[in-house]
Each structure stands twice: as C-alpha cells, then as structure tokens.
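Hello,

Here is the structure I said I would pass on. My notes on what turned up in it follow below.

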Amino acid sequence: MGLVEPESMDQCLYFSNRTLGELGKAKAWVYKKQCPKCGKVKMGKPVEKGKVKIRAKEYVCPECGFVEDKKEHEESLNMEIKYVCPKCEHEGEADVPYIRKTFQGVKSIVFVCGGCGEKLAITKKMKEPKKKK
Ligand SMILES: [Zn+2]
Ligand SMILES: [Zn+2]
C-alpha cells in the first residue's frame, strides 16, 4: 500500500504510537478532513478566543464556517495504521474506517493482520483490553 506518515501532529485528528501485546507495535493516525464545502482548508475542533474546544461535539471549517457533527465527521474518515503483528510478527499496513467498535470490552478501532488474520485493536486510550480468563 505505502501509507504516508504524517509529518506533524497538526495534520492529524488522532495520532498514536503504541505497543500491541508483547511483540507487536502500531503507529496509527487519522488525517484531518478537507472541508467538503469550500475545499480550501482542513476542518478542526472549534476555536474560541484562541483555545481549541477539545470537547466540542462538532468540527468546523475555519475558512467558511461549515459545521459537521463530531460522530458523522469522524466516521467519514479513515485511520491509517502501520503495525507489527503481536502474533505472527508480520509487518503491515492497514487503512480502516475511523469507527470505534467494542472489542474485548474496550472501544477500539479493529483491523485484521494481513499475515495471520488475527484481529488487532487500537484502543481509544492506553487501556489494555480485558483479558479473558
Ligand atoms: Zn470550508
Ligand atoms: Zn499476524
């Protein structure tokens, strides 16, 4: 595939560099979305008095003011992932919709290893998935 890694965090809505299990690792990011209305700039969380409203429930275009619901906006994007599978140590890339699903009890972006077919997850926070007993 050949994913292009972001040059800076500013380009991303989400960026994470983490380990997957004991042997694996993953670098995952979601690029900001170009405003679908004016097409001039990337959309982001609203800024009020110079401060980004992190918890805002919508994304806005700083150029034309186009507003999109947070969920709708995020679900229209893709997460790009470069990973080393913790199971088979396959090095691969994945490109999946940025839609969180519950996986092993944790909201995660789930993708499948191209080497062994194992389901792998990028969790929202650094929480470890619940271990099955
Ligand atoms: Zn715009
Ligand atoms: Zn694998």
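The chain holds 1 helix and 11 strands. Read from the N terminus, the order of elements is β-β-β-β-β-β-α-β-β-β-β-β. Please keep in mind that this is a predicted model. Its mean pLDDT is 92, and 92% of the residues reach 70 or more. Among the elements, β7 has the highest mean pLDDT, at 98, and β3 the lowest, at 90. Where pLDDT is low, the predicted coordinates should not be read in detail.

On overall dimensions, the C-alpha trace spans about 50 × 35 × 20 Å along its principal axes. The chain has 133 residues, of which 18% count as buried. Of the contacts between residues at least 6 apart in sequence, 42% join residues at least 24 apart.

Domains

The chain is divided into two parts: domain 1 covers 8-32 + 77-133, and domain 2 covers 34-76. Their C-alpha centres lie 25 Å apart. Where they meet, 5 residues of domain 1 are in contact with 6 residues of domain 2. On the domain 1 side, the touching residues are 4 nonpolar and 1 charged, with no polar ones.

The nonpolar core

Which residues of the largest nonpolar core touch the most other members? They are A26, A28, M79, I81, Y83, L120 and I122, out of 17 residues in that core. At least two residues each come from β1 (12-20), β2 (24-31), β7 (78-84), β10 and β11. The most are given by β2, which supplies 4 residues.

L120 is worth following a little further. Leaving aside residues up to four places away in sequence, L120 touches L20, Y83, C85, F111 and C113. One of these, F111, stands opposite L120, which is in β11.

The hairpin of β10 and β11

Strands β10 (residues 106-112) and β11 (residues 119-123) run antiparallel and are joined by 5 bridges. Between the two strands of this hairpin there are 6 residues, and G117 takes a positive phi near 80°.

Two residues with unusual backbone angles

Most residues other than glycine have a negative phi. Two residues depart from this, and both are in loops.

K49 is not a glycine, yet its phi is positive, at about 50°. K49 sits in the loop between β3 (47-48) and β4 (51-52). Is K49 buried or exposed? K49 is exposed, because only 5 other C-beta atoms lie within 10 Å of its own, and the cut-off for exposed is 12 or fewer.

Q104 also has a positive phi of about 50° without being a glycine. Q104 lies in the loop between β9 (101-103) and β10. How many C-beta neighbours does Q104 have inside 10 Å? There are 14, so Q104 counts as partly exposed; that class lies between the limit for exposed, 12 or fewer, and the limit for buried, 20 or more.

If you open the model with these notes beside you, the hairpin is a convenient place to start: F111 and L120 stand opposite each other there, and L120 is also among the core residues that touch the most other members. From there you can go on to β2, which gives the most residues to the core, and then to the contacts between domain 1 and domain 2.

Regards

Technical notes:
Residues are numbered from 1 along each chain as its sequence is written. Chains are lettered from A and ligands numbered from 1 in the order in which they are written. This is a predicted model: local features need pLDDT of at least 70, side-chain atom pairs count only at pLDDT 80 or more; totals for chains, interfaces and linings use all residues. Two residues are in contact if their C-beta atoms, placed from the backbone, lie within 7 Å. Two strands pair if DSSP finds at least two bridges between them. A nonpolar core is a set of buried Ala, Val, Leu, Ile, Met, Phe, Trp, Tyr and Cys residues joined through C-beta atoms within 7 Å. Domain bounds come from an automatic or database domain assignment. Ala, Val, Leu, Ile, Met, Phe, Trp, Tyr, Cys and Pro count as nonpolar, Asp, Glu, Lys and Arg as charged, and the others, Gly among them, as polar. pLDDT is the predictor's confidence in each residue, from 0 to 100.
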